[in-house]
Amino acid sequence: MSDPSKALFSVQNLEVRFGAVRALKGISLHVNKGEVVALLGANGAGKSTTLRSISGLSRPSSGDIFFAGQSISRVSSSQIVRLGIAHSPEGRRLFGSLTVAENLRLGSCTRTDKAGIIADTERMFALFPILRERHFQLAGTLSGGEQQQLALARALMAAPKLLLLDEPSLGVAPLLIKYIFAALTELKRQGMTMLLVEQNIKLALQLADRAYVLRTGAVALSGSSEELLSDDRVAQAYLGAA
Amino acid sequence: MTARVIVAGLALAVMGGIAFGAPSIMSDYFMRIILIIALNSIFVLSLSLSNGFTGVFSLGHVGFIGAGAYISGILSLTVQQKQSLLPHLPDLLNWFSLPFLPATLVAGLFTALLAVIVGYPLMRLSGYFVSVATMGFLIIVNVVLINASNFTRGARTFTGVPLDTTLPWVFGWLAVTVFVLWRLVYSPFGRRMKAVRDDTVAASAVGIDVLKTRLLAFVIGAFFAGVGGSLYAHYLGSFSPVTFYFAMTMNLIAMLVLGGMGSLSGAIIGVICVSILSELLRSVERGFTIGDITVPALYGASQIVLGFIFILIMIFRPKGIMGEREFTLGFSGSSAKSNLKQGKVK
């Protein structure tokens with residue numbers, strides 16, 4: 001098994017409160033370099049909150065987040081992107097009145113290496129050819145699947161060392177879900193480190209090396225994907241059974 | 001690039017022609033309308049930066065215009081005027097008198113500084129909250145203008161400002177405003193402004209500093225509001241705090257929304273449409289005679305018709321006359337497209 005102290009990224013006893021509600025009740029997890037880790041759990045388990053506090057969009061009330069040996073729980077969200085964590089938020093959240101090209105350019109707005117940006121744009125077009133065709137179309141006029149591809153590409157344009165993915169299959173047609181997961185598999189093969197939140201357990205565990213199952217703000221279960229695929233308790237966590 | 005230079009050159013030539021050629025052929029009445037249109041264009045353009053492009057719907061813009069007008073007015077009064085009109089002015093201000101251009105620049109810089117102070121806490125707010133909060137700023141400016149009577153003569157008319165504002169001055173400042181805002185809005189920074197407007201969470205997620213982006217848009221808008229306020233002060237000569245209050249706010253917002261919130265040319269077109277319409281309607285409401293038919297005077301009718309036209313435009317063109325497009329005389333204005341062809345990254 002992996003050793004948390006050598007991990008690229010780790011979360012320790014993370015607690016997030018929204019007023020009187022404790023959304024996260026002290027969760028710990030880690031991701032090694034080159035690894036794909038899935039966060040599973042029912043609605044309201046705290047998956048998106050975890051991702052949001054990692055990327056600095058929500059602030060933890062206690063606990064700490066480490067990335068490449070540095071604590072980032074007090075770092076601004078724009079600085080976190082510069083350090084190498086990109087977040088593809090839930091529901092895609094594109095810049096709807098801007099073109100596909102502008103959305104991609106905004107994904108790299110923390111970078112200054114022009115040659116690298118051009119090369120990465122080409123890489124995105126190779127990974128998602130539809131984006132090349134839709135280059136000058138407004139992002140708000142794309143279909144759900146196209147929007148999800150653009151949201152992924154926009155996050156990748158930051159050249160991240162760790163990619164946070166929140167429900168890449170949400171609102172996407174079944175055929176395109178397959179396509180998007182094939183692209184994620186290709187990214188994994190290229191060595192991208194990912195932390196994935198996904199409702200579709202089977203797809204998530206096929207892609208991921210390991211997974212954590214969250215239930216009401218705490219880690220209920222964790223293990224390798226093979227173990228969890230055959231574990232009845234994963235399904236129980238979703239159904240809310242004790 | 002060349003297309004834009006041609007459009008800009010044409011616009012400058014037309015403006016220069018009107019500014020220097022028109023006085024000999026046009027009546028004072030028309031000259032006044034053109035000047036007011038140009039002045040309102042500066043106000044609405046500066047308002048569009050925060051309200052249209054960055055998604056911070058400010059209702060406090062007129063506060064900056066008013067502050068700019070009073071500051072420029074105080075600085076421009078002659079020493080003798082200051083002694084008689086503002087006898088309690090602090091010694092720091094009462095021994096000198098600035099010419100038009102420096103007074104205007106100081107007014108703009110002061111309102112920009114004011115915008116930094118006001119914007120730093122307020123630009124954290126979004127949606128309706130920032131609108132109400134900036135309206136609070138407008139009310140504060142109004143109350144300060146009324147009560148700081150050592151500086152402003154309070155609710156009495158502030159008078160004696162030299163009438164320096166001529167058409168060439170206003171057109172000159174309008175050209176500067178359009179040039180600066182155009183460069184800004186269609187730059188990487190402008191792209192970040194629109195990203196913040198479209199989705200603040202996504203903007204933070206890609207690494208944009210939302211507060212900084214909003215604050216910069218707000219401050220630059222306030223600078224040009226202050227400059228416009230100074231021009232307005234030197235046009236009116238006399239004004240009072242009520243000149244810069246809700247009536248002016250609503251007027252500017254109507255022009256911006258009707259023209260199109262995400263377009264610089266839309267802002268100007270909105271000003272032109274509203275100004276010409278209200279002038280036309282005002283002359284019609286005095287009553288007129290065509291042949292045997294005599295239409296009696298219907299005072300107030302112009303406001304009603306104008307209100308109806310606003311309603312109709314909002315129903316049929318909810319994004320305003322221009323929406324987010326720019327008026328480019330048929331030249332393609334998409335900078336993204338041409339940059340891609342040349343393999344450039346902005």
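A residue is called buried if 20 or more other C-beta atoms lie within 10 Å of its own, exposed if 12 or fewer do, and partly exposed in between, with C-beta atoms placed from the backbone. The model is predicted, and local features need pLDDT of at least 70, side-chain atom pairs count only at pLDDT 80 or more, and totals for chains, interfaces and linings use all residues. Residues are numbered from 1 along each chain as its sequence is written, and chains are lettered from A and ligands numbered from 1 in the order in which they are written.

**Exercise 1. Determine how the faces of strand E8 (193-197) of chain A are covered.**

Step 1. Helices (H or I, at least four residues) and strands (E, at least two) are DSSP runs, numbered from the N terminus.

Step 2. On one side of E8(A) lie Thr193(A), Leu195(A) and Val197(A), and on the other Met194(A) and Leu196(A); all are buried.

Step 3. Five of the five residues of E8(A) are thus buried, so the strand is largely enclosed by the rest of the structure.

**Exercise 2. Establish the strand order of the open sheet in chain A and identify its edges.**

Step 1. Two strands pair if DSSP finds at least two bridges between them. The six strands follow the order E6-E7-E8-E3-E9-E10, with mixed pairing.

Step 2. Strands E6 (85-88) and E10 (218-224) of chain A are at the edges; each has a single partner strand, so one side of each is left without a neighbour in the sheet.

Step 3. From one strand to the next the twist averages 15°; axes are lines fitted to C-alpha atoms, for helices over the stretch in contact, and angles run from 0 to 180 degrees between N-to-C directions.

**Exercise 3. Trace the parallel pairings from E6(A) to E9(A) and give residues that stand opposite each other.**

Step 1. E6(A) and E7(A) run parallel and are joined by four bridges, and Ile85(A) stands opposite Leu162(A) in E7(A).

Step 2. E7(A) pairs with E8(A) in the parallel sense over five bridges, where Asp166(A) faces Val197(A) as its opposite in E8(A).

Step 3. Between E3(A) and E8(A) there are four bridges, again in the parallel sense, and Val37(A) stands opposite Leu195(A).

Step 4. Strand E3 (residues 36-40) and strand E9 (residues 210-215) of chain A pair in the parallel sense over four bridges, with Leu39(A) opposite Tyr212(A).

**Exercise 4. Describe how helices of chain A are placed relative to the strands.**

Step 1. Helix H1 (residues 47-54) of chain A lies across E3, E6, E7, E8 and E9 of that chain, at about 145° to E7(A).

Step 2. Helix H6 (residues 144-156) of chain A lies across E6 and E7, at about 165° to E6(A).

Step 3. E7(A), helix H7 (residues 174-189) of chain A and E8(A) form a right-handed β-α-β unit; right-handed signifies that, with the strands pointing away from the viewer, the path from the first strand over the helix to the second runs clockwise.

**Exercise 5. Characterise the side of chain A that touches chain B.**

Step 1. Contact requires C-beta atoms, placed from the backbone, to lie within 7 Å. Accordingly, 28 residues of chain A are in contact with 21 residues of chain B.

Step 2. Helices H2 (77-83), H3 (100-107) and H4 (114-127) of chain A are the elements giving two or more residues to this side. H3(A) gives the most, with five residues.

Notes. Two residues are in contact if their C-beta atoms, placed from the backbone, lie within 7 Å.
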